Amino acid sequence: MNDDLANAILTDHARTEMARRQVTEAAVREILKHPQESSRVRPGRVVVQSVLADGYLLRVFVDIDRSPPEVVTVYRTSRIAKYSRLP
């Protein structure tokens, strides 16, 4: 799945949210390639996520029911325990 996600396109909404939330495309692309966790949100959508060096969890939501997959939104959160199974 990660090979497909590495080629995901960024929707206009995702780019807008990335700019608003000060998340770089490089950070998103890295998580798409090498997520620490991934899970299905609903049929056709997954969330991939990793803890960043600044201590925040970056969550990337991807619609996988299309080709290429589309990143629909991105956000950072400090509430790692709520969203992650990482130690």
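1. Start with Ser 39, which sits opposite Val 47 of strand β3. Strands here are DSSP runs of E with at least two residues, helices are runs of H or I with at least four residues, and both are numbered from the N terminus. You're looking at a predicted model, where local features need pLDDT of at least 70 and side-chain atom pairs count only at pLDDT 80 or more, while totals for chains, interfaces and linings use all residues. Residues are numbered from 1 along each chain as its sequence is written, and side-chain values use heavy atoms, with hydrogens and water left out.

2. Next, the β2 side of β3. Strand β2 (residues 37-42) runs antiparallel to β3, and 5 bridges join them; for two strands to count as paired, DSSP has to find at least two bridges between them. The β2-β3 hairpin leaves 2 residues between the strands, and Gly 44 takes a positive phi near 90 degrees there.

3. On to β4. Its pairing with β3 is antiparallel too, over 7 bridges. Gln 49 has Arg 59 as its bridge partner in β4, and Val 51 has Leu 57. This hairpin has 5 residues between its strands, with Gly 55 in the turn showing a positive phi of about 90 degrees.

4. Is β3 enclosed or open? Largely enclosed by the rest of the structure, because 6 of its 7 residues are buried, meaning under 20% relative accessible area (exposed is over 50%, partly exposed is in between; 1.4 Å probe, protein chains only).

5. Now zoom out to the whole sheet. It's an open one of 5 strands, ordered β1-β5-β4-β3-β2, with mixed pairing. At the edges are β1 (9-10) and β2, each pairing on one side only. Helix α2 (residues 12-20) packs on this sheet, touching β1 and β5 (70-77), and its direction makes about 20 degrees with that of β5. Helix α3 (residues 25-33) lies across β1, β3, β4 and β5, at about 70 degrees to β4. For these angles, axes are lines fitted to C-alpha atoms, for helices over the stretch in contact, and values run from 0 to 180 degrees between N-to-C directions.

6. Last stop: Leu 52, in the loop between β3 (45-51) and β4 (57-63). Leu 52 counts as partly exposed because its relative accessibility is 24%. Which residues does Leu 52 touch, not counting those up to four places away in sequence? Ile 31, Leu 58 and Arg 76, with contact meaning heavy atoms within 4.5 Å. Ile 31 is 21 residues from Leu 52 in sequence, and their C-alpha atoms are 9.5 Å apart.
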